[in-house]
Amino acid sequence: MSEASMIGLLSAAVSFGALLYLAALGELISEKAGILNLGVEGMMAVGAVTGFMVALETENAWVALLAAMLVGALFALIHGFFTVVLGAEQVVSGLSLTILGLGASAFVGKNAVGKPSGAVLASVDWGPLSDIPWAGPILFSQSPLVYFAILAGLAAAFVLTRTSTGLALRGAGESASTVDAAGHSVVRLRLGAIATGGALAGASGAYLTLSLTPQWTEGVTAGRGWIAVALVIFGAWRPGRCAVGALLFGGLLALKSRLQTFGVDLSPILLSMIPYLLTIGVLIVISIRARHRPSSAPAALGQAYRREER
Amino acid sequence: MGRLVLVRRDQVLQGGQPLAFLIGIFSALLIGILLLAVSGHDALAVYERMFDASIGSSKAWSLTLNRAVPLGLAGLAVAVAGRMGLWNIGAEGQILAGAMMAAWVARIGESWPSPLLITVMLLAAVLGGALLGLGPAVARAQIGVNEIITTLMLNEVALRMLQWLIHGPWKDPESRGFPLAPILPEGARLPGLFQQAHWGAVIALLVIILFGLVASRTAWGYELRVAGSSGATALYAGISLKRKILTVLVLSGGIAGLAGGIELSGSSDRIVEGISGGYGFAGIIVAALALMRPSGVAAVALLFGAVQVGGLSIQTMGVSSSVSTILQALILFGAIGAGVFSRYSVKRVSKENQEVQ
């Protein structure tokens, strides 16, 4: 295996990893507040099509990215309205959001199929840093969204563990009535978390159409939203561990198209099963451990909260 | 002045759910009109075509019925688990597993007499779905592993398995490079019923009726509901939760697997990547709209089948078939929204008096 192909693999692992991490981080924030949102795949699709369409219109990739995040957040709030305000079943609402997002993105993007992209987010040039052997191509010549993902992860870890908002947000996912009694609005906390999750999923979708493969095709998300859901569990609801998982799963995605170059005689399709099987394995370990000590999953995950019924 | 709160009604409104369902359909159609009009289509002409293609003739009905079969069985699969408060999100993968098992039987039993071959294929399909449900079932019953995530993950695993088969060992040498399995032998195809419809509709209806009877008339069905509404009560009543969880999730998988076998043998004729086409996920919406009731599942599946057939028909008018996908999700959201008001009423709470009236 040549040095160049190894560098190519690691660089792609970071790139794919950041793509998965953005969406996973959004889901993590939402789940920390007690809301399971299985709409990630749909939110990503909506972000992807918004990013591409706005780029076509404005020829400005940054405006397109912002639009994708905004639309992602608004789209996620549909789930918020039904689950938080109306107390609907989160599984059903989230899956419907995925179906709606896949349908809506196909509908909106129908005439954009095959069109050349209006604008792309060019790789960041870090000057001399980009010329360092290995680290240069792997870390210092990536899409701006890679650095955004790193910053978002650090910010999320800080807010969740070091601020009172983060404490309240985690409280909403552990014991909503306690947070309510402490004077916080559970509705506002949860809606905020869902909207943030939607914005990050939107950014992840836009990464696809503004950086990775700058074009629109129906079904461009290709199940990556489900990997993001898996990553949250794989990372045991911790931003740091999720980042490690994202690099690992991103590496597997990157390896998929390179198996033959490396002379490995294994079907790339079978390789792509690994993230899901690993996640099931991790979930089983978490569940066994949960018998002896508090589970790492938010205690109130999936439960609606109604103040008058506490 | 004050704020509005939802207050639980003492009694659920009579006929609330069917009404909520109708409101859901109505509001979805309304939003659909807006969507079509904004994008420059003649919305009413589009709807007319959809109605015509899905229920306008006996051929249209046969197409609708063929789609309702996997939707109904997937919906039933979700409902079987849902009655016990469990979520089988894995119907999509179980449908694929069922189809793969049935296709495998068709490969080895090509020379068998047709009725035998089809029977064994469908049984194998049930087994395939049940096997995919077994893992999450054991994990949930024995260790308490959340079945939502495990079943969801196995969807992707089953999909990769199928992709591997049609890109590799099962690839049709005459497919000119396309990832397709060979067409099934004639004897492996379900016989026709009328027009395009096949016997799958009869099988699906029988399965739905059978489960409906078991759920409402037997002690087992009663225990299921008790276990679903309160695990603690079930324990006091001596109902073994572990065994119930295991049976229900495996049964649920088996029913979804059957849907895959019927889809292969009746409609698709060969294994292709899109053989499930989202039936498993749509089944979750079907079950939710039907409030996990078998009779409701059949009705909603028929409606969704019609919407899907209608969606395909408007492509010739230059309208994206995704309209039907959007409509299905909107029907659900509309119905959830409306359904809330059969269980809750809106009360105004004044600032001074925070107590609910």
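Here is a walk through a predicted model, from the place where two chains meet to a pair of helices and then a single residue.

Let's start with the contact between the chains. Chain A brings 37 residues to it, and chain B brings 39. On chain A's side, helix 4 (90-108), helix 10 (224-234), helix 12 (268-271) and helix 13 (274-289) each supply at least two residues. Helix 4 of chain A gives the most, with twelve residues. As for the character of chain A's side, you'll find 25 nonpolar residues there, along with eight polar and four charged.

Now hop over to chain B and look at helix 3 (residues 58-82) and helix 7 (residues 200-217). Their axes come within 9 Å and cross at roughly 25°. Angles under 35 degrees count as roughly parallel, so that's the label for helix 3 and helix 7 of chain B. The way helix 3 of chain B passes helix 7 of chain B is a left-handed crossing. Where the two meet, helix 3 of chain B offers residues including B:Leu65, B:Val69 and B:Gly72, while helix 7 of chain B offers, among them, B:Ala204, B:Ile208 and B:Phe211. Ten residues of this helix 3 and helix 7 contact are nonpolar and two are polar, with no charged ones.

Last stop: B:Val340, which sits in helix 13 (residues 322-343) of chain B. Is B:Val340 buried, exposed or partly exposed? It counts as partly exposed, because it has 19 C-beta neighbours inside 10 Å, and being buried takes 20 or more. Leaving aside residues up to four places away in sequence, B:Val340 touches A:Leu86 and B:Leu6. B:Leu258, on the other hand, is 82 residues apart from B:Val340 along the chain, and their C-alpha atoms are separated by 34 Å.

Definitions and conventions
Residues are numbered from 1 along each chain as its sequence is written. Chains are lettered from A and ligands numbered from 1 in the order in which they are written. This is a predicted model: local features need pLDDT of at least 70, side-chain atom pairs count only at pLDDT 80 or more; totals for chains, interfaces and linings use all residues. Axes are lines fitted to C-alpha atoms, for helices over the stretch in contact, and angles run from 0 to 180 degrees between N-to-C directions. Helices (H or I, at least four residues) and strands (E, at least two) are DSSP runs, numbered from the N terminus. Angles under 35 degrees count as roughly parallel, over 145 as roughly antiparallel, 65 to 115 as roughly perpendicular and the rest as oblique. A crossing is left-handed if the near helix is turned anticlockwise from the far one by less than a right angle, and right-handed if clockwise. Two residues are in contact if their C-beta atoms, placed from the backbone, lie within 7 Å. Ala, Val, Leu, Ile, Met, Phe, Trp, Tyr, Cys and Pro count as nonpolar, Asp, Glu, Lys and Arg as charged, and the others, Gly among them, as polar. A residue is buried if 20 or more other C-beta atoms lie within 10 Å of its own, exposed if 12 or fewer, and partly exposed in between; C-beta atoms are placed from the backbone.
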